[in-house]
Amino acid sequence: MNNEDTTFPNQFVWGVATSAYQIEGACSENGKGMSVWDDFCLKENSICNGDSGTVACDHYHRFVDDVSAIRDLGSPAYRFSISWPRVIPDGIGDVNQPGLDYYDALVDELLAGQIEPWITLFHWDYPLALFQRGGWLNPESPRWFADYVGPVVDRLSDRVQNWITINEPQCFLKFGHADGIDAPGLTLDFQEQLLACHHTLLAHGLGVSAIREKAKKKPFIGWAPVADVKIPATDGNRDLAAARQATMSVCPESLWNNTWYNDPVFFGKYPEEGIQAYGQSVPKYSSKEMEIISAPIDFLGLNIYTGSHVSAVEPDGYRELTVPPGTPRTTTDWPVVEESLYWGPKFHWERYKTPIYITENGMANVDWIDMDGIVWDPQRIDYTKRHLLQLRRCIEEQIDVRGYFHWSLLDNFEWSKGFSKRFGLIYVDFQTQRRVMKQAAYWYKDVIASNGRSLRVDP
Ligand code: BGP
């Protein structure tokens with residue numbers, strides 16, 4: 001790797017990311033309806049330590065201060081999500097004006113601070129009322145989503161250009177609809193999982209059309225799946241081919257892959273390997289539906305936290321390697337595999353030829369306020385540095401990577417892990433809501449200000 005020049009292109013977008021349920025709190029204020037997460041948190045033993053997002057970071061009331069922290073960070077972009085039931089309490093029907101007013105004020109505050117808003121329209125907090133009507137299994141569900149997107153875009157698109165339809169469909173479908181460990185806690189059979197997935201893809205497609213229809217400013221539209229990244233075990237061509245094949249593969253009875261989601265969106269068809277692997281479980285669909293799903297989009301957001309190594313197996317297979325003992329791991333137990341930020345974008349760029357933004361990358365660390373008042377988080381600095389240097393390799397190879405959003409701005413409600421995992425650049429004391437910039441925040445500020453030059457590793 002060339003560590004001499006670590007600067008990123010001038011137009012490269014640096015940002016930080018959050019999602020509504022994880023930070024907002026105010027879960028029943030000003031007319032907000034319940035989401036499946038509000039409901040799931042009430043169930044005994046669903047969330048670590050019995051935590052919930054009822055208050056979370058109280059960002060709903062503190063957004064002005066939090067925006068000013070983003071400004072202090074020097075971050076030119078902020079990715080946040082809109083809570084569907086805050087805007088439409090029952091999921092469909094009447095719009096809750098105070099809900100929209102809130103996002104309107106947030107957008108104004110960001111723009112006043114010269115921070116570009118990047119809005120995610122769905123980051124898992126599905127309206128409970130719609131879940132009670134069948135949720136993602138209901139054939140009406142794609143339309144419900146588009147009908148929610150319309151008023152949001154209508155209200156905000158005179159100022160907002162960047163839209164992300166859906167965050168990590170793989171996660172909310174697998175963890176929430178197959179494994180039952182995330183809201184809404186379902187353990188559907190595989191056929192139903194694929195149906196919920198198909199409706200999610202249709203919702204994305206109808207959402208894209210709704211954005212284009214309502215947008216006042218020319219929209220820039222993408223979506224943000226997880227990228228499950230496989231890395232070649234050696235420099236050899238056979239391992240490289242094996243890693244590419246593994247990254248784009250589909251295994252039977254598992255929703256965890258890349259192509260079942262991205263191929264329909266970018267090619268208008270499910271991958272042949274998936275159709276074979278899933279067999280009878282694949283839902284019936286029409287060519288019209290595939291046309292809806294593949295409504296053209298402008299970018300591919302990738303959420304990448306880790307990866308795994310594979311090597312080739314004769315004659316044309318691959319094998320995933322076990323993680324060597326002692327490999328560094330984050331406190332969510334993910335191995336630190338920084339090459340994922342090179343191989344993930346590379347393989348996705350080769351296949352989809354669509355501009356890529358890293359919409360999430362970051363780590364949970366053991367952070368607390370030291371006796372000296374400072375939050376020392378050297379692992380987060382090292383993790384991010386390693387990953388950004390790998391991303392820089394993509395730039396050298398003309399892979400069209402255009403932005404990086406660090407997950408997350410704030411320590412927040414980490415889904416079923418509650419507040420036990422800290423992902424923020426800013427430490428949050430959940431008793432007092434006091435915020436403290438961690439050392440990684442100051443470090444990231446320098447990276448942004450120098451457009452990556454400060455990443456340079458001196459020999
Ligand atoms: C992503 C979610 C984020 C955040 C993050 C944490 O899957 O989009 O909302 O929770 O995960 O990372 P990890 O997957 O390492 O727990």
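## Salt bridges, helix 15 and the ligand site

Arg143 and Asp147 sit 4 residues apart in helix 7 (residues 141–156), which is about one turn of the helix. Their side chains form a salt bridge, with the closest N and O atoms 3.4 Å apart. Keep in mind that this is a predicted model. Below is a quick tour of the salt bridges, then helix 15, then the ligand.

**Salt bridges**

- The count for the model comes to 34 salt bridges.
- Back in helix 7, Arg143 is partly exposed, at 39% relative accessible area, and Asp147 is partly exposed too, at 41%.
- Helix 15 has a pair with that kind of spacing: Arg386 and Asp382 are 4 residues apart, about one turn of the helix.
- Arg386 and Asp382 meet in a salt bridge at 2.6 Å, N to O.
- Arg386 counts as partly exposed at 35% relative accessibility, and Asp382 does as well at 34%.
- Away from the helices, the side chains of Arg422 and Asp411 pair up in a salt bridge, again at 2.6 Å from N to O.
- Both Arg422 and Asp411 lie in the loop between strand 11 and strand 12 (426–429), so this pair ties together parts that are 11 residues apart in sequence.
- Arg422 is buried, with a relative accessible area of 13%, and Asp411 is buried at 0%.
- There's also a network: Asp101, Asp104, Asp108, Arg155, Asp158 and Arg159 are joined by salt bridges that share partners.

**Helix 15**

- Helix 15 covers residues 378–396, 19 residues in total, and reaches 27 Å from its first C-alpha to its last, close to the 27 Å expected.
- Its buried residues include Arg380, Tyr383, His387, Gln390, Arg392 and Cys394.
- Leu388, Leu389 and Leu391 are also among the buried residues of helix 15.
- Those buried residues pack against two helices, helix 14 (340–352) and helix 16 (439–449).
- They also pack against strand 1 (13–17), strand 10 (356–360) and strand 11 (401–407).
- Just after the helix comes Gln398, which has a positive phi, near 60 degrees.

**Around the ligand**

- There are 13 residues around the ligand, and Gln22, Glu168, Trp334, Glu360 and Glu414 come nearest.
- Gln22 has a side-chain N or O atom 2.7 Å from an oxygen atom of the ligand.
- Trp334 places a polar side-chain atom 2.8 Å from a ligand oxygen.
- For Glu360, a polar side-chain atom is 2.9 Å from an oxygen of the ligand.
- On its own, the ligand has 380 Å² of accessible area, and the protein covers 93% of that.

Notes:
Residues are numbered from 1 along each chain as its sequence is written. This is a predicted model: local features need pLDDT of at least 70, side-chain atom pairs count only at pLDDT 80 or more; totals for chains, interfaces and linings use all residues. Side-chain values use heavy atoms; hydrogens and water are left out. The expected span of a helix is 1.5 Å times one less than its number of residues. Buried means under 20% relative accessible area, exposed over 50%, partly exposed in between (1.4 Å probe, protein chains only). Contact means heavy atoms within 4.5 Å. A residue is near a molecule or strand if one of its heavy atoms lies within 4 Å of it. A polar contact is a pair of N or O atoms within 3.5 Å; within protein, one must be able to donate a hydrogen and the other to accept it, and residues adjacent in sequence count only if both atoms are side-chain atoms. Accessible areas come from the Shrake-Rupley method with a 1.4 Å probe; for residues, only the protein chains shown count as cover. A salt bridge is a side-chain nitrogen of Lys or Arg within 4 Å of a carboxyl oxygen of Asp or Glu.
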